[in-house]
Amino acid sequence: MTRTIVASATREVVIGFDQPFCVIGERINPTGRKKLAAEMVEGNFDTVIKDALEQVAAGATMLDVNAGVTAVNPNETEPPLLVQTLEIVQNLVDVPLSIDSSVTAAIEAALKVAKGRPLVNSVTGEEEKLEAILPLCRKYDVPVVAISNDETGISMDPDVRFAVAKKIVERAADHGIKAHDIVVDPLVMPIGALGSAGLQVFALLRRLREELKVNTTCGLSNISFGLPHRHGINAGFIPMVIGAGMTSAIMNPCRPQEMEAVRAANVLNGTDQNCGTWIMTYRDYKPAENGAAASAPALVNGGRRGGRAARAGAAARME
């Protein structure tokens, strides 16, 4: 069985088909968040700290850390900022981290200070990226997210996206990187723009699991882009992609509706042993007075509160 091991300084997490779904918290990312970007440029990490604590308290298995605040001289500005952000986060919470950058120098700088075994996010099928990122992953012995696009862009043909993923897995093997350390992102298209997007990704996931035997991830909310009540779409999408073979996703764990779907899928998929996490999370569940679902207690990894996040009593956001 394919198992991708990631770790913080104190905790190991296994991503795999026989493991609970791995929730990678997306919030520490200034892309599209002007306020956060401005704060980080000024050296203000209050929101980063708040987001880290809240996401772990809400149930994140891992946290994605991105410091891409500007397109101006990113090779100079992003490496020190990513290092600073990473060090703050990894000293605050005890979950594994995903180092998220399109700047090779920033990824290498972050790998030098990262504790444990982080996930690199990401490499594509572009030759330049393959030759820049794969040697780093081999050098630091870390797994990597493989995004299924190349120099030709993102294909609307799922067979082409599969071929790109296969190419990355094969090239990684040339560098001595095993398939279990490649986590493929098959690229989820917005269902509002492409009506077959769901069917495409379900078919792709089955092929990636059965033929390449790799773990998978995605930017979960891409599926609902442009639609009203996006959280309803996301919550419906989660158990379907898990059933098709997806083993992790970059998502917002502070959405109770979506985390409820993850926990239910773990129960039904047999990865929540004896329904332990579900019972511990929802045994005191009560509907809200207006009939909406009340947010559940925040639990992490088998029902254990999230370290410093729990001690800080961080409340999960419901934005």
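How many nonpolar, polar and charged residues are there in the lining of the largest cavity? The tour returns to this after a few ground rules.

The coordinates are a predicted model, in which local features need pLDDT of at least 70 and side-chain atom pairs count only at pLDDT 80 or more, whereas totals for chains, interfaces and linings use all residues. Residues are numbered from 1 along each chain as its sequence is written, and side-chain values use heavy atoms, with hydrogens and water left out.

**Stop 1: the cavities**

A search of the whole structure finds 2 cavities of 30 Å³ or more, a cavity being a set of points, on a 1 Å grid over the protein atoms alone, where a 1.4 Å probe fits but cannot get out, and its lining residues those with an atom within 4 Å of a point. Select Phe17, Ile242, Met246, Thr247 and Asn269, which lie nearest the centre of the largest cavity among the 13 residues that line it. The volume of this largest cavity is about 80 Å³, where a volume is the space filled by probe spheres set on the grid points, joined across faces, edges and corners. Its lining has 5 nonpolar, 7 polar and 1 charged residues, with Ala, Val, Leu, Ile, Met, Phe, Trp, Tyr, Cys and Pro counted as nonpolar, Asp, Glu, Lys and Arg as charged, and the others, Gly among them, as polar.

The second largest cavity holds about 60 Å³ of space, and the residues to select around it include Ala7, Gln90, Leu97, Lys115 and Pro118. By class, the lining of this second largest cavity has 8 nonpolar, 2 polar and 1 charged residues.

**Stop 2: Thr247**

Go back to Thr247, one of the residues nearest the centre of the largest cavity, and follow the backbone around it: Thr247 is in the loop between α8 (230-244) and β10 (248-251), helices (H or I, at least four residues) and strands (E, at least two) being DSSP runs numbered from the N terminus. Is Thr247 buried or exposed? Thr247 counts as buried because its relative accessible area is 5%, on a scale where buried means under 20%, exposed over 50% and partly exposed in between (1.4 Å probe, protein chains only). Show the side chain, and a polar atom of it appears 3.0 Å from the backbone nitrogen of Thr216. Leaving aside neighbours within four places in sequence, the residues in contact with Thr247 (heavy atoms within 4.5 Å) are Ile15, Gly16, Phe17, Phe21, Cys22, Asn215 and Thr216.

**Stop 3: the cysteines**

From Thr247, step to Cys22, one of its contacts. The search of the whole structure finds 0 disulfides, a disulfide being a pair of cysteine sulfur atoms within 2.5 Å; for Cys22 the nearest cysteine sulfur, that of Cys218, is 12 Å away. Cys22 is buried, with a relative accessible area of 1%, while Cys275 is partly exposed at 32%.

**Stop 4: Pro118**

Select Pro118, one of the residues lining the second largest cavity, in the loop between α4 (104-113) and β6. Pro118 counts as buried because its relative accessibility is 4%, and, not counting residues up to four places away in sequence, it touches Ala7, Leu97, Ile99, Leu111, Val142 and Pro143. A C-alpha distance drawn from Pro118 to Ala146 spans 15 Å, for a separation of 28 residues in sequence.

**Stop 5: the largest pocket and strand β6**

A pocket is an open set of grid points with protein on both sides within 12 Å along at least five of seven lines, and the largest pocket has a volume of about 750 Å³. Of its 31 lining residues, select Asn29, Asp64, Asn66, Asp100 and Asn121, which lie nearest its centre. The elements giving two or more residues to this lining are β3 (22-28), β4 (62-66), α3 (74-90), β6 (119-123) and β7 (144-147), and the largest share, 3 residues, comes from β6. The lining of the largest pocket divides into 9 nonpolar, 13 polar and 9 charged residues.

On strand β6, pick Ser122, which counts as buried at 14% relative accessibility. Apart from neighbours within four places in sequence, Ser122 is in contact with Ser101, Ile133, Val144, Val145 and Ile147.

**Stop 6: two positive phi angles**

Most residues other than glycine have a negative phi. Lys213, in the loop between α7 (197-212) and β9 (215-216), has a positive phi near 60 degrees and is partly exposed at 49% relative accessibility. His229, in the loop between β9 and α8, has a positive phi near 45 degrees and counts as exposed at 57%.

Key:
Polar contact = N/O pair within 3.5 Å; in protein donor to acceptor, adjacent residues only side chain to side chain.
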